[in-house]
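Open the model in your viewer and keep the selection panel at hand. The stops below go from the whole chain down to single residues.

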Amino acid sequence: MSRPDLSKDPAAVASMFDRVAKRYDLVNDLLSLGQTRRWRTVVTNVVDARAGQRVLDLAAGTGTSSAPLAAQGATVIAADFSLGMLRQGRTQQQDLPFVAADAMKLPFADASFDVVTISFGLRNVHGLETALAEMFRVTSPGGKIVICEFSTPTNRIFRKIYRRYLGSIVRWASRVFSSDPAAYEYLGDSIVAWPDQQRLAQILTTAGWHRPRWRNLTGGIVSVHVAQRS
């Protein structure tokens with residue numbers, strides 16, 4: 001099976017996520033050696049959702065990232081462009097409202113949310129700048145964006161080891177544990193091609209966000225970016 005090309009066929013990416021939805025959380029835990037849970041805990045703390053706030057969780061998938069935010073007392077909308085992920089999410093998180101949404105054309109009014117967050121999904125969006133501008137539009141003045149995404153390890157030697165990991169172990173493990181190995185090969189490639197921390201901060205600024213900053217996790221394998229809407 002050939003790998004879908006994000007830049008040319010976003011519909012193929014949606015279809016890919018539909019196919020892997022049932023085992024997506026399990027395979028992610030396996031491939032990250034359990035680190036995804038720690039990363040999501042950091043995101044939950046950074047979002048710092050509170051009662052009375054409205055939070056939009058984009059690329060929410062099965063709602064794994066949304067449930068802890070709702071537990072903090074906020075009203076959380078779990079949105080995703082993969083119908084397969086949404087169907088799976090509704091079986092796992094029955095108390096959460098799930099909405100089908102394209103990050104490049106969000107079906108929400110201006111200034112609808114206090115926080116917009118997206119974890120491990122922004123690099124799969126066909127049109128990064130457009131999506132960030134849309135997130136800006138639906139965020140209330142004084143609100144914030146929280147992005148958790150794979151990034152660039154800060155240590156040169158560790159970076160080389162990590163990319164070798166992506167190139168070999170991830171593909172081997174995805175063939176063993178995943179129903180769609182080509183999907184995980186594509187995801188590995190998309191991680192390598194993703195902008196580094198400084199570049200993403202610059203893109204956020206261009207999209208209108210203020211005071212972008214980030215926190216590196218696991219040596220920069222993942223970074224959590226935060227920026228404000230003035």
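How much accessible surface does the chain have, and what share belongs to carbon and sulfur atoms? The accessible surface comes to about 10700 Å². Carbon and sulfur atoms hold 54% of that surface. Keep in mind that this is a predicted model.

**Whole chain**

Select everything and colour by secondary structure. You should find 10 helices and seven strands. The chain has 230 residues, and 51% of them count as buried. Now turn to the contacts between residues at least 6 apart in sequence: 67% of these join residues at least 24 apart.

**The sheet**

Hide the helices for a moment. Seven strands make an open sheet with mixed pairing. Read across in the order β3-β2-β1-β4-β5-β7-β6. Go to the edges: β3 (98–100) and β6 (210–217) stand there. Each has a single partner strand, so one side of each lacks a neighbour in the sheet. Look along the sheet to see the twist, which averages 20° from one strand to the next.

**The β1 and β4 pair**

Select residues 54–58, which form strand β1. Add residues 113–119 for strand β4. How do β1 and β4 pair, parallel or antiparallel? The two run in the parallel sense, paired over four bridges. In general, strands of a sheet pair through backbone hydrogen bonds. Click Leu 58: the residue opposite is Ile 118 in β4.

**Ser 119**

Stay on β4 and select Ser 119, which belongs to that strand. Is Ser 119 buried or exposed? Its relative accessible area is 7%; buried means under 20%, so Ser 119 is buried. Show its surroundings next. Leaving aside residues up to four places away in sequence, Ser 119 touches Arg 40, Val 43, Leu 58, Ala 59 and Cys 148.

**Helix α3**

Bring the helices back and select residues 35–47, helix α3. Which strands does α3 lie across? They are β4, β5 (139–150), β6 and β7 (222–228). Against β5, helix α3 runs at about 170°.

**Leu 83**

For the last stop, select residues 83–92, which form helix α5. Leu 83 is found in this helix. Its relative accessibility is 47%, so Leu 83 counts as partly exposed. Add Gly 61 and draw a C-alpha to C-alpha distance: it comes to 9.1 Å. In sequence, Leu 83 and Gly 61 are 22 residues apart.

Key:
Residues are numbered from 1 along each chain as its sequence is written. This is a predicted model: local features need pLDDT of at least 70, side-chain atom pairs count only at pLDDT 80 or more; totals for chains, interfaces and linings use all residues. Side-chain values use heavy atoms; hydrogens and water are left out. Buried means under 20% relative accessible area, exposed over 50%, partly exposed in between (1.4 Å probe, protein chains only). Contact means heavy atoms within 4.5 Å. Accessible areas come from the Shrake-Rupley method with a 1.4 Å probe; for residues, only the protein chains shown count as cover. Two strands pair if DSSP finds at least two bridges between them. Axes are lines fitted to C-alpha atoms, for helices over the stretch in contact, and angles run from 0 to 180 degrees between N-to-C directions.
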